[in-house]
Amino acid sequence: MKNIIVVEGYHDESKIKAVYPDLDVIVTNGSEISKETLNLIKILSNDNEIVIFTDPDYPGERIRKKILEVAPNAKQLFLRKKDCND
């Protein structure tokens, strides 16, 4: 079992890959996450640990909710709003 990190955009992915280049990352392309991406997450959640790492705002929460519907055991990482840079 491996960890798969789910992020909102390619900028988020590049930040994670800069520190952990071998980590598997799925990009949602924002809060309009596609059915295909949700299905991929659902399939991968059967044999992997899904970790949701989205922004602490309304779109980020919307993405979390959609992912948790297909992968209810997904873990969630949070940054406090005050610790986030725009």
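**Close-up views of a predicted model**

**View 1. Glu13, a buried residue without a salt bridge.** In this predicted model, Glu13 is buried but forms no salt bridge. Lys17 offers the nearest side chain of opposite charge, at 5.2 Å, which is beyond the 4 Å allowed between a side-chain nitrogen and a carboxyl oxygen in a salt bridge. Glu13 belongs to helix H1, residues 10-19. Apart from residues up to four places away in sequence, Glu13 touches Val7, Val25 and Val27.

**View 2. The open sheet and its edge strands.** Four strands form an open sheet in the order S2-S1-S3-S4, with parallel pairing. Strand S2 (24-27) and strand S4 (75-76) are the edge strands, each pairing on one side only. Strand S1, residues 3-7, pairs with S2 in the parallel sense over four bridges. Within these two strands, Val7 stands opposite Val27 of S2.

**View 3. Helices H1 and H3 against the sheet.** H1 packs on the sheet and touches S1 and S2; the direction of H1 makes about 170° with that of S2. H3 lies across S1, S3 and S4 and runs at about 165° to S3.

**View 4. Phe53 in the loop between strand S3 and helix H3.** Phe53 is located between strand S3 (49-52) and helix H3 (58-70). With a relative accessible area of 26%, Phe53 is partly exposed. Neighbours within four places in sequence aside, Phe53 is in contact with Ile5, Val6, Val7, Ile16, Arg64, Leu77 and Leu79. The C-alpha atoms of Phe53 and Asn73 are separated by 14 Å, the two residues being 20 residues apart along the chain.

Key:
Residues are numbered from 1 along each chain as its sequence is written. This is a predicted model: local features need pLDDT of at least 70, side-chain atom pairs count only at pLDDT 80 or more; totals for chains, interfaces and linings use all residues. Side-chain values use heavy atoms; hydrogens and water are left out. Buried means under 20% relative accessible area, exposed over 50%, partly exposed in between (1.4 Å probe, protein chains only). Contact means heavy atoms within 4.5 Å. Lys and Arg count as positive and Asp and Glu as negative; His and the chain ends are not counted. Two strands pair if DSSP finds at least two bridges between them. Axes are lines fitted to C-alpha atoms, for helices over the stretch in contact, and angles run from 0 to 180 degrees between N-to-C directions.
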